[in-house]
Amino acid sequence: MTDLYYDTTGDGPTLLIIPGGAGHPMGLDAMTGVLSPHFTVVVLDPLGLAHGRLGEPVADQRVQDWSDRARRVLDATLPEGESAYVLGTSAGAVVALDLLARHPERLRHVVVHEPPCVGVLPDGARQQARFGEICDVYRDKGLAAAGALMTAVLEEREVEGELPDGQPLPREEELTNPMALSLAHVLRPFTAYVPETGPSPVPLTVGAGTDSRGQLLHRTAEFLAKDRRADLVEFPGGHLGILQHPTEFAERLTRTLLGAGTRG
């Protein structure tokens, strides 16, 4: 039995996509449809949530474990002697940075869209603590309260009024809810991850949403790009731009990877 779960579509050079949240690739079909004429798109599903494992027990996750799975998927899908393009978004962008640090020889160009690796910031310890608070609030008050605090943290403001009162999800319900799984087992360890500093060994582009200007993860992207001497590229939408504007996002990504001759 394998612990590797992924889907492949399209034709051309390999583009590995690492989703955010708990890694469930839901909602990505529209974007991969635009990308597939240009790339062989490989979408990683780190926990197999879209491959029959939603509802099974999930432990606290490690960035390095997702990165190892990504490397093994590249081993399974890359033609001999070739390297891959990589897009990671949100938590998946943290994984892409770890993959870049440990396996640069497999990579051709890495795009990380709004990685929540806030530890790179001068106030990083405070921001990491705020993400930890989101996880604690989820455990104490449930999804609505955690979501309200998450919005405030990303917008770098205090919560207006009281957080909604609620109850934590029953275990069996949590296991079928990717957002809950992310809050319970992914967010804290992934926001605690601090990537390498200094120039990248392969081309690195740091993405930030146009709608995220003035917010925490746009600031993180700017700081990371400067530290890694990488290009900073704005993508349509906000933190969820990959879902909000799939066509425009895919066109911007294609142009970033393949050059100005592509549409978008």
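In the predicted model, helix α3 (residues 63–77) lies across strands β1, β2, β3, β4 (84–89) and β5 (107–113). The direction of helix α3 is at about 150° to that of β3. A further helix, α12 (residues 246–258), lies across β2, β4, β5, β6 (204–209) and β7, and runs at about 160° to β7. Strands β2, β4 and β5 are thus named among those crossed by α3 and also among those crossed by α12.

The strands in question belong to an open sheet of 7 strands with mixed pairing. Their order across the sheet is β1-β3-β2-β4-β5-β6-β7. Strands β1 (6–10) and β7 (231–235) form the edges, each pairing on one side only. On average, neighbouring strands of the sheet are turned by 20° against each other, direction ignored.

Within this sheet, β2 (residues 14–18) pairs with β3 (residues 40–44) in the parallel sense, over 4 bridges. One residue pair illustrates the register: Leu16 has Val42 of β3 as its bridge partner. Strands of a sheet are joined in this way through backbone hydrogen bonds, in either a parallel or an antiparallel arrangement.

Outside the sheet, Thr220 is located in helix α10 (residues 216–228). The relative accessible area of Thr220 is 0%, which is under the 20% limit, and the residue is therefore classed as buried. Leaving aside residues up to four places away in sequence, Thr220 touches Pro115, Cys117, Val118, Val120 and Leu121.

Notes: Residues numbered from 1 in each chain as written. Predicted model: local features only at pLDDT ≥ 70, side-chain atom pairs only at ≥ 80, totals over all residues. Heavy atoms only, no water. Pairing = 2+ DSSP bridges. Helix = DSSP H or I, 4+ residues; strand = E, 2+ residues; numbered from the N terminus. Axes fitted to C-alpha atoms, helices over the stretch in contact; angles between N-to-C directions. Contact = heavy atoms within 4.5 Å. Buried < 20%, exposed > 50% of the residue type's maximum accessible area, 1.4 Å probe, protein only.
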